[in-house]
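I opened this model to look up its helices, its charged pairs and its surface. My notes follow the order in which I checked things.

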Amino acid sequence: MLNNVKQLLNSIAEGDERAYKTLFYMYYPRVRAFALGMLKNADDADDLAQMVMMKVWLKRDLFDGVENFDSYMFRLTKNSVLNFIASKQAVSI
């Protein structure tokens, strides 16, 4: 699987939308589940998972050199969740 992800990332860096779609279906459920565990709200977890996956597409040229994409994705998700929580708290103050 590691080799498969590297190949997908290389293709995504070149703008291959089919490769991105494959990566999306591989990671979206896991990113959403991780976000749900932290947020405890399904709608917020859906929104956040979509934002994380959108970041992957928008910054696709940066992921070509990432060695451990699983760790990168979950760090990206965790940071996105923390930013999301902070922004919600700032709005409610």
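These entries go through one helix, then the salt bridges, then a few single residues.

Entry 1, status of the model. I am working from a predicted model, not an experimental one.

Entry 2, helix H3. I looked up the extent of H3 and found residues 42–58, which makes 17 residues. From its first C-alpha to its last, H3 reaches 24 Å, close to the 24 Å expected at 1.5 Å a residue. I then checked the start of H3, where a side-chain oxygen of Asn 41 comes to within 3.0 Å of the backbone nitrogen of Asp 43.

Entry 3, burial in H3. Which residues of H3 are buried? I noted Asp 44, Ala 45, Leu 48, Ala 49, Val 52, Met 53, Val 56 and Trp 57. I marked Asp 44 for a second look, and its relative accessibility of 15% puts it under the 20% limit, so it counts as buried.

Entry 4, salt bridges. How many salt bridges does a search of the whole structure find? The search gives four. I wrote down three of them, with the general point that side chains of opposite charge can pair when their charged atoms come close.

Entry 5, Lys 88 and Asp 44. I found a salt bridge between Lys 88 and Asp 44, with the closest N and O atoms 3.3 Å apart. Lys 88 lies in helix H4 and Asp 44 in helix H3, so this pair ties together parts that are 44 residues apart in sequence. Lys 88 is partly exposed, at a relative accessible area of 44%, whereas Asp 44 is buried at 15%.

Entry 6, Arg 32 and Asp 46. The closest N and O atoms of this salt bridge are 2.3 Å apart. The pair links distant parts of the chain, with Arg 32 in helix H2 and Asp 46 in helix H3, 14 residues apart. I read 22% relative accessibility for Arg 32, which counts as partly exposed. Asp 46 also comes out at 22% and partly exposed.

Entry 7, Arg 30 and Asp 70. Their side chains meet in a salt bridge of 3.4 Å, N to O. Arg 30 sits in helix H2 and Asp 70 in helix H4, 40 residues apart, and the pair links distant parts of the chain. Arg 30 is partly exposed at 31% relative accessibility, and Asp 70 is partly exposed at 29%.

Entry 8, Ser 80. Is Ser 80 buried or exposed? Ser 80, found in helix H4, is buried, with a relative accessible area of 8%. Setting aside neighbours within four places in sequence, I listed its contacts as Leu 48, Val 52 and Lys 55. With Lys 55, the side chain of Ser 80 makes a polar contact of 3.1 Å.

Entry 9, surface patch. I found a nonpolar patch on the surface formed by Phe 34, Met 38 and Leu 82, with about 230 Å² of accessible area together. Leu 82 belongs to helix H4, residues 69–92, and is partly exposed at 43% relative accessible area.

Entry 10, Met 26. I placed Met 26 in helix H2, residues 17–39. Its relative accessibility is 22%, which counts as partly exposed. For a long-range distance I took Met 26 and Val 91, which are 65 residues apart in sequence and 33 Å apart in space, C-alpha to C-alpha.

Notes: Residues numbered from 1 in each chain as written. Predicted model: local features only at pLDDT ≥ 70, side-chain atom pairs only at ≥ 80, totals over all residues. Heavy atoms only, no water. Helix = DSSP H or I, 4+ residues; strand = E, 2+ residues; numbered from the N terminus. Expected span 1.5 Å × (residues − 1). Buried < 20%, exposed > 50% of the residue type's maximum accessible area, 1.4 Å probe, protein only. Polar contact = N/O pair within 3.5 Å; in protein donor to acceptor, adjacent residues only side chain to side chain. Patch = residues over 30% accessible without salt bridge, like charges linked within 9 Å, V, L, I, M, F, W, Y side chains within 5 Å. Areas by Shrake-Rupley, 256 points an atom, 1.4 Å probe, with all protein chains shown as cover. Contact = heavy atoms within 4.5 Å.
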